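Me: I would like to go through this chain term by term, setting each value against its cut-off. Please start with burial.

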Amino acid sequence: MKRILLSSIFLLAALVSFGQAKKPIIMIVPSDQYCISRNYKMTFQNQGMTQTLPDYKTALQTDPDLRMVITKMGQIMADRGFPLKDLEQELKNLEQERAESSMLTSSSSGSEMSESPIDALKRVAKADIIMDLDFEIKRQGPQKYITFTLKGLDAYTAKQVSGAAGAGKPSTAASPELLLEEAVLSYMDGFNAGLQRHFDDMFANGREVKVQIKVWSNWGQNLESEFGDDSKELTTIIEDWFADNCVNSRYNLSDASENFMKLEQVRIPTMRTDEKGRPRAVDTRSFISDLRKYLNGMGVPSKLYLRGLGEAWLILGEK
């Protein structure tokens, strides 16, 4: 009897714990292919190159099928307990942030920043997962059916962490959102399990980002210069900092010279406690800002640039 009671308590605790498990915040966006093929697109200059990107605002304002399908997909995910960021609302938030229209230009040097409008949207939304949705409504005689491709992308790395694709059954009267619901429901458990596995790994082992350390050409020092009481090379000092601050010391120095270091698979914590004991979310900027402060204390000034959510450049030698 005692064993049964203990087993019941353990099972109840496990169920409560599972029920309280944190889930990733997601944002559903139409795929690049969907938008650009329907002329919902915009072009902009990025480091001298012309890029074509999806224009989500135009797509949402002019494509009623898209609005209905995204709304239905959001409802499907919300019914499964996933918190959502609404694409249309985040676009409005981004427009309000236009005052920070130095989005593509550094305030100090005038050089271009590598943050596209889409990267800016991701930064404002702060979603963990981007659900990239492509669909097409097809006809078969008097009936219609929908084909879809759904990708779960890590918002920081753009790596695909889950996916599903399929087609629904032909129907004579169903609206686009009902065609979608019928088509995707049988795939959602597997798709959501993939999202949750990725998110659980992120919480246990840290969020993956990339970092590059560079040197201004007029600095007069480089990464082989020695600093600190122990007269260590700057490369060693920076590597030691990553070993001390990455989750489980996980990072990969994939390439290095006297003028640059390229660090990949850098696992940063998702949360930390600030000086007042409050929990704070950690992102690429805040993580590398700590390195910047550490190096500044050793007499090494630097400039921090962000390339989207998941990559930062720290350029040593001046602010």
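Reply: Of the chain's 319 residues, 43% count as buried, a label that means under 20% relative accessible area, with exposed meaning over 50% and partly exposed lying in between (1.4 Å probe, protein chains only). This is a predicted model, in which local features need pLDDT of at least 70 and side-chain atom pairs count only at pLDDT 80 or more, while totals for chains, interfaces and linings use all residues. Residues are numbered from 1 along each chain as its sequence is written, and side-chain values use heavy atoms, with hydrogens and water left out.

Me: Why is W219 called buried?

Reply: W219 has a relative accessible area of 16%, and because buried means under 20%, the label applies. F227, at 12% relative accessibility, counts as buried too.

Me: What makes W219 and F227 a stacked aromatic pair?

Reply: Rings of Phe, Tyr and Trp (its six-membered ring) pair if their centres lie within 6.5 Å, and planes under 30 degrees apart count as stacked, over 60 as edge-to-face and the rest as tilted. W219 and F227 lie 6.3 Å apart centre to centre with 10° between the planes, so they meet the criteria for a stacked pair.

Me: How do you know that the charged end of K214 sits over the ring of W313?

Reply: The criterion asks for NZ of Lys or CZ of Arg within 6 Å of the ring centre and within 35 degrees of the ring normal. The charged end of K214 is 4.4 Å from the centre of the W313 ring, so the distance condition is met. K303 likewise lies over the face of Y305, at 5.9 Å from the ring centre.
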